[in-house]
Amino acid sequence: MANMKALVYNGTPTPSIEERPIPQISKPTDAVVKMVKGTICSSDLNILKGDVPTCTKGRILGHEGVGVVQSVGVAVKSFKAGDRVIISCITSCSACSYCRRGIPSHCTDGGWVLGNTIDGTQAEYVCIPHADTSMHPMVAGASDADQVMLSDVLPTSLEWGVLNGRVQPGSTVAIVGSGPVGLGALITAQLYSPAKIIVIELDENRLKQAMSLGATHTVQSGPDAVQQVMDITGGLGVDSVIEAVGLPATFKMCQDVVAVGGTIANLGVHGAKVDLHLEKLWDRNITITTGLVDAVSMDMLLKLVESGRIRAGTQLGTHSFKFAEMINAYSTFWAAAKNKVLKVIIEF
């Protein structure tokens, strides 16, 4: 059996590149894909920090990317060898009760399994379960890098930030954190025409990025950040707050700036407990939403990418590495603020 190179979690913050057998079709609904481009997600860093106990030592990481189908199982009807595809970060069987309810993130035979409970996309080849409903055809009118961003970051930003946050025309929005998901929320929030989008972030470079991508206001995180938001909104606070960091302090900030009747949409992956200040919020008619991306918006987003309305590969992709440089890519991504990194593009 032929081998491939793969990026493997070994239980430490530094992964390793190892030789692994090229995956084979094991179920009729599988497809084997040769990777062309991929990326690194903050969720991968959470795994390396030990915050994702479902991911065990020896796992090939990664849940994003585009590639070329090499082979398909006999039950796969929508794809064939040679097709160029976008791999969804969420595997969907399309038949279980959760998939039928439109929340495939909790699919009983899928969900976030790639690079978590089964081997993922940071390898030269990957096996995709339930291929018909877990991949999408690539389009000719957009770059590979643009379409990589459809695997996870843009659906996550749109579904669990903008849509769950109830961003509406004329509303006010605050995005706490301007990493890739926060900036993805900034990009996709503009599809719904809010009057003000305030980005709150500690790093000055990312605040500049936010302004270039359409923020109406930026606030540098600090002791007076909440007051600055209140000043911008005339003391009312914001209608939609999108938490895109995952820290107790940033979740508290969201509670401090949300307006009466507003919504806090949590995007951050929280590795520690947070405080919910109901003693201040119980009578303010607020909504708090949480969840994992379902990637059900990929078809819509693909049309926007194909039309040129969104060019996330250019907007968010700041660094590019060959797959052989993956260890360096991870080191660079670990120090994202220092290295002025948003998303890295991995070329196979």
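Why is strand S3 (residues 31-39) largely enclosed by the rest of the structure? In this predicted model, the count settles the matter: 7 of the 9 residues of S3 are buried, so the strand is largely enclosed. Its pairing adds some detail. S3 runs antiparallel to strand S4 (residues 65-72), with 6 bridges between the two, and here valine 33 has valine 69 of S4 as its bridge partner. Strand S6 (residues 125-128) also pairs with S3 in the antiparallel sense, this time over 4 bridges; alanine 31 stands opposite isoleucine 128 of S6. Then there is strand S15 (residues 343-347), joined to S3 by 3 bridges and again antiparallel. In that pairing, threonine 39 faces its opposite number in isoleucine 345. As a general matter, strands of a sheet pair through backbone hydrogen bonds, in either the parallel or the antiparallel sense.

Elsewhere in the model, the pairing is parallel: 6 strands make up an open sheet, and reading across it gives the order S10-S9-S8-S11-S12-S13. Strand S10 (217-220) and strand S13 (287-289) sit at the edges, each pairing on one side only. Going from one strand to its neighbour, the average turn is 15 degrees, with direction ignored. Within this sheet, S11 and S12 run parallel and are joined by 5 bridges, one pair of bridge partners being glutamate 243 and asparagine 266, the latter in S12. On to the edge: S12 and S13 pair in the parallel sense over 3 bridges, and alanine 265 has threonine 289 in S13 as its bridge partner. S12 itself is mostly covered, with 7 of its 9 residues buried. Helix H7 (residues 225-232) lies across strand S9 (196-201), S10 and S11, and its direction makes an angle of about 160 degrees with S10.

Helix H4 (residues 153-163) is another mostly covered element, with 10 of its 11 residues buried. The buried set is Val153, Leu154, Pro155, Thr156, Ser157, Leu158, Glu159, Trp160, Gly161 and Val162. What does the covering of the buried residues of H4 include? Two strands of the open sheet take part, strand S11 (238-243) and strand S12 (258-266), along with helix H5 (180-189), helix H10 (298-307) and helix H11 (312-316).

The packing of H4 on H10 can be described further. Their axes come within 10 Å and cross at roughly 115 degrees, and the crossing is right-handed. Leu154, Pro155 and Leu158 on the H4 side meet Met298, Met300 and Leu301 on the H10 side. By class, that contact has 6 nonpolar residues and no polar or charged ones.

Ahead of H4, methionine 149 is found in the loop between helix H3 (144-148) and H4. Loop position or not, methionine 149 counts as buried because its relative accessibility is 0%. Setting aside its neighbours within four places in sequence, what is methionine 149 in contact with? The list holds Leu154 and Pro155, then Ala312, Gly313, Leu316 and Gly317, and finally Lys343 and Ile345. Leu154 and Pro155 also belong to the H4 side of the contact with H10, while isoleucine 345 is the S15 residue that stands opposite threonine 39. For a longer reach, the C-alpha atoms of methionine 149 and glutamine 190 are separated by 17 Å, with their positions 41 residues apart along the chain.

Finally, the cysteines. The structure holds 0 disulfides. A disulfide is, in general, a covalent bond between the sulfur atoms of two cysteines. Why does cysteine 107 lack a bond to cysteine 93? The sulfur of cysteine 93 is the closest cysteine sulfur to that of cysteine 107, but the two are 3.6 Å apart, which is too far for a bond. Cysteine 107 counts as buried, because its relative accessibility is 6%. Cysteine 254 is in no disulfide either, and there the nearest cysteine sulfur, that of cysteine 41, is 19 Å away. Cysteine 254 is buried as well, with a relative accessible area of 0%.

Terms used
Residues are numbered from 1 along each chain as its sequence is written. This is a predicted model: local features need pLDDT of at least 70, side-chain atom pairs count only at pLDDT 80 or more; totals for chains, interfaces and linings use all residues. Side-chain values use heavy atoms; hydrogens and water are left out. Buried means under 20% relative accessible area, exposed over 50%, partly exposed in between (1.4 Å probe, protein chains only). Contact means heavy atoms within 4.5 Å. Two strands pair if DSSP finds at least two bridges between them. Axes are lines fitted to C-alpha atoms, for helices over the stretch in contact, and angles run from 0 to 180 degrees between N-to-C directions. A disulfide is a pair of cysteine sulfur atoms within 2.5 Å. A crossing is left-handed if the near helix is turned anticlockwise from the far one by less than a right angle, and right-handed if clockwise. Ala, Val, Leu, Ile, Met, Phe, Trp, Tyr, Cys and Pro count as nonpolar, Asp, Glu, Lys and Arg as charged, and the others, Gly among them, as polar.
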